[in-house]
Amino acid sequence: MPSVIGQQIKIVSADGAYLTTDTGARLLDGTASLWYANIGHGREEMAQIAYEQMKKLEAYHVFGRYTNDRAIELSEKLRSIAPFDDAKVILNSGGSDSIDVALKLARRYWNHIGRANKKVIISREHSYHGLHAYGTSVAGLDFNREGYGTDSLVDGTERIEKHDAGAFADAIERIGAENIAAYIAEPVMGTGGVHPPQPGYFKEIQRLCHENDILFIADEVITGFGRTGEMFASTRYQLRPDIVTFAKGVTSGYAALGGILVAPRVWRPFFENGADSPTYRHGTTYSGHPVTAALALKNMEILERENLIARSAALEEVLTAELKALESHELVKTTRVGGFLGGIELSDKVNAEFVTDKIIEHGFITRPLRGNTVQISPPFILTDQELRGLVRAVGTVLDSLKAGTPQVTA
Ligand code: PLP
């Protein structure tokens, strides 16, 4: 493919792990779009299920006395795969929605049980939790919080260093456990540069949450639905969250869907007194949309039928070996893998944006992330050979830069 430096690329079709542009170029999708095309693109049976559901019931709201069969079926399915027992499910339209509903619920929970001071939300530096009001406010990527004339759109948010649980202990000391509602983290940090958890980090975080009565929220928008070789990364990393947020891989991107899984500790107070219990007043027009739900169910059926979560775990091993081999390259600072997500942190001598543009010319899509890092997170359906080809294309581009190709930044 000719140079794409500084140019938009128009995708017109896709199948499996490949995308086709309006100029006819065929590109391997090395990032699964924005971390979500887990089952791959262009599945006929996904189109078929959407068509059948639309003919039968294209939509009806899930509000008041109304519900629909697909929304119920999906909620039951999600309950059965949740990383804790007896989950309740709230459905919405995407990851940012899920963050807003989770953090609202955390505050609503404490308020309802008579501890209204517990409001502060703690998140990690370099984290990404979407861009609705709560997500913007807890963002650890500072540029997403800037420009609103205040430190935070939603008050009462704090960020801490991302790998050191001691920073959480310090924050608790400084803010006071009686004022803290929740801690939120991505099990494997994605947009912040692909950072898997340090050994023992979450164990200590959870101990501190438990001791100080702080809710633990796992943002599994990227990691959910197989990305770390388990249905949820909470299982992989032995997390016991009070709330899990999900989106992306729940439909592999075939429809806009997100939601949260809520553990009994948090939902019980809202059900304890029968009809006299308070209502958690949150819902959106498309919560429980039947076409979206049908697509999510079919997506999960495909993940299970084709053993794609085990395949994701196998691909992680190939990725780990390939990235290890790349570490000796003089233009690579380090590499990181956490599940089937890889990050290649480049030396300061090269620029990840330029490098990813050059990789496109070799027929592969990767993406520059914070920290001069190249993202690798393909669909689960590519072959070992295709994955090796992708990582080796990064090496080829770096070789050409080492050999002195002038570097231009877009
Ligand atoms: N949380 C995480 C960890 C994400 O990576 C993202 C999106 O990339 C979001 C939340 C927001 O999701 P959405 O873009 O679907 O609103």
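How many bridges pair β1 with strand β2 (residues 18-21), and in which sense? I looked this up to start: β1 and β2 pair over four bridges, in the antiparallel sense. Strands count as pairing if DSSP finds at least two bridges between them. The elements are DSSP runs numbered from the N terminus, with helices being H or I of at least four residues and strands E of at least two.

Before going on, I noted that this is a predicted model, where local features need pLDDT of at least 70 and side-chain atom pairs count only at pLDDT 80 or more, while totals for chains, interfaces and linings use all residues. Residue numbers run from 1 along each chain as its sequence is written.

**Hairpin and first sheet**

I stayed with β1 and β2, which form a hairpin with two residues between them. In the turn I found G16, with a positive phi of about 60°. Across the pair, S13 stands opposite T20, and A14 is opposite L19.

Then I looked at the sheet around them. It is open and has four strands in the order β1-β2-β3-β13, with mixed pairing. β1 (11-15) and β13 (364-365) each have a single partner strand, so each has one side without a neighbour in the sheet.

**Second sheet**

I found another open sheet of four strands, ordered β11-β12-β15-β14 and antiparallel in its pairing. At its edges are β11 (332-337) and β14 (367-369), each pairing on one side only. From one strand to the next the twist averages 30° (axes are lines fitted to C-alpha atoms, for helices over the stretch in contact, and angles run from 0 to 180 degrees between N-to-C directions).

I checked β14 against strand β15 (residues 373-376): they run antiparallel and three bridges join them. P368 has V374 in β15 as its bridge partner. Helix α11 packs on this sheet and touches β11, β12 (342-346) and β15. The direction of α11 makes about 170° with that of β11. Contact here means that C-beta atoms, placed from the backbone, lie within 7 Å.

**Helices against α13**

Next I looked at α11 (residues 308-326) and α13 (residues 384-402), whose axes come within 10 Å and cross at roughly 25°. The two helices are therefore roughly parallel to each other; that label covers angles under 35 degrees, with over 145 roughly antiparallel, 65 to 115 roughly perpendicular and the rest oblique. Their crossing is right-handed, meaning the near helix is turned clockwise from the far one by less than a right angle, with anticlockwise being left-handed.

From α11 the contact takes L315, V318, L319, E322, L323 and L326, and from α13 it takes D384, L387, R388, V391, V394 and G395. By class I noted eight nonpolar, one polar and three charged residues. Ala, Val, Leu, Ile, Met, Phe, Trp, Tyr, Cys and Pro count as nonpolar, Asp, Glu, Lys and Arg as charged, and the others, Gly among them, as polar.

Helix α12 (residues 352-361) also comes up to α13, with axes within 9 Å and a crossing at roughly 115°. This crossing is right-handed too. V355, K358 and I359 of α12 meet A393, V394, V397 and L398 of α13. That contact has six nonpolar, no polar and one charged residues.

**Ligand shell**

Which residues are closest to the ligand? I got G94, G95, S96, G130 and V221, out of 16 that surround the ligand. Near means a C-beta atom, placed from the backbone, within 6 Å. Helix α4 (residues 95-112) gives the most to the shell, with three residues. By class, the shell has six nonpolar, eight polar and two charged residues.

Notes:
Two residues are in contact if their C-beta atoms, placed from the backbone, lie within 7 Å.
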